[in-house]
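Colleague: Please take a close look at one helix of this model and at what surrounds it. Give cut-offs for the terms as you go.

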Amino acid sequence: MQPRAITLAILAMGGEGGGVLADWIVDLAEHAGYYAQTTSVPGVAQRTGTTIYYVELFPETPGGEPVFALMPVPGEVDIVIASELMEAGRAIQRGLVTPDRSVLIASTHRVYSMTERTAPGDGRVSSDALLAACREPAARFLRADFAAIAQQAGSV
């Protein structure tokens, strides 16, 4: 069987450390003997600063170095990490989470989008609906309020 890349997409808002996490994963992989690359796809669709960091890891094998992709491809992502619940929903909407392969790791806390904040009345998307939407398309769905855990630890 041919080896294949391990692929990760990290969806985070500006200042949340998505780029730092991606760099740590690459450093760890390289120290473990993998070829590794990270790229980022900036976006402002929901909030300014929202970015997809994409990481590919490939075991060192005879026959040369792998060719890495520059961005995640729908249906080809092994691990999706979302820094906030709406970001998990956006990953699903983009087709990055699939039941045959993707582990979805998401923080359950919310940072409301501008659309939610500026809507007349209560424009918030239901967190329960987002959680339900996250369960179905993922091979495995891991979740916790990681913002609260970080705060309790005195970190960000």
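Modeller: The helix is α2, residues 85–93, in which Leu85, Met86, Glu87, Ala88, Arg90 and Ala91 are buried. Buried means under 20% relative accessible area, exposed means over 50%, and partly exposed is in between, with a 1.4 Å probe and protein chains only. Helices (H or I, at least four residues) and strands (E, at least two) are DSSP runs, numbered from the N terminus. This is a predicted model, where local features need pLDDT of at least 70 and side-chain atom pairs count only at pLDDT 80 or more, while totals for chains, interfaces and linings use all residues. Residues are numbered from 1 along each chain as its sequence is written, and side-chain values use heavy atoms, with hydrogens and water left out.

The ends of the helix come next. At the N-terminal end, Glu84 acts as a cap for α2, with a side-chain oxygen 2.8 Å from the backbone nitrogen of Met86. A polar contact is a pair of N or O atoms within 3.5 Å; within protein, one must be able to donate a hydrogen and the other to accept it, and residues adjacent in sequence count only if both atoms are side-chain atoms. After α2 comes Gly95, with a positive phi near 80°.

Two of the buried residues of the helix are charged partners. Glu87 and Arg90 form a salt bridge through their side chains, at 3.2 Å from N to O. A salt bridge is a side-chain nitrogen of Lys or Arg within 4 Å of a carboxyl oxygen of Asp or Glu. Both residues belong to α2 and are 3 residues apart, about one turn of the helix. Glu87 counts as buried because its relative accessibility is 0%, and Arg90 is buried because its relative accessible area is 11%.

The structure holds 7 salt bridges. One of them joins Glu116 to Arg110, with the closest N and O atoms 2.8 Å apart. Glu116 is buried at 5% relative accessibility, and Arg110 is buried with a relative accessible area of 14%. Arg124 and Asp122 also meet in a salt bridge, at 2.8 Å from N to O. There, Arg124 is partly exposed at 48% relative accessibility, whereas Asp122 is exposed with a relative accessible area of 55%. Arg4, Glu76, Asp78 and Arg101 are joined into one network by salt bridges that share partners.

Now the packing. The buried residues of α2 pack against β1 (6–12), β4, β5 (103–107), α3 (114–118) and α4 (127–135); contact means heavy atoms within 4.5 Å. The largest nonpolar core has 19 residues, and Leu11, Val80, Leu96, Leu104 and Phe141 have the most contacts inside it. At least two residues of this core come from each of β1, β4, α2, β5 and α4. α2 provides the largest share of this core, 4 residues. Apart from it lies another core, of 12 residues, including Ile10, Ala12, Ala22 and Val26. A nonpolar core is a set of buried Ala, Val, Leu, Ile, Met, Phe, Trp, Tyr and Cys residues joined through side-chain atoms within 4.5 Å. In soluble globular proteins, nonpolar side chains tend to be buried together.

Val80 links the helix to the strands: leaving aside neighbours within four places in sequence, Val80 is in contact with Ala9, Leu11, Ala91, Leu96, Val97, Val103, Leu104 and Ile105. Val80 in β4 also stands opposite Ala9.

The strands belong to an open sheet of 6 strands in the order β2-β3-β1-β4-β5-β6, with mixed pairing. Two strands pair if DSSP finds at least two bridges between them. The edge strands, β2 (34–42) and β6 (140–144), each pair on one side only. From one strand to the next, the twist averages 15°. In β1, 6 of 7 residues are buried. β1 runs parallel to β4, with 4 bridges, and antiparallel to β3, with 7 bridges.

Other helices pack on this sheet too. α4 touches β5 and β6, and its direction makes about 150° with that of β6. Helix α1 (residues 18–31) lies across β1, β2, β3 and β4, at about 165° to β2. Axes are lines fitted to C-alpha atoms, for helices over the stretch in contact, and angles run from 0 to 180 degrees between N-to-C directions.
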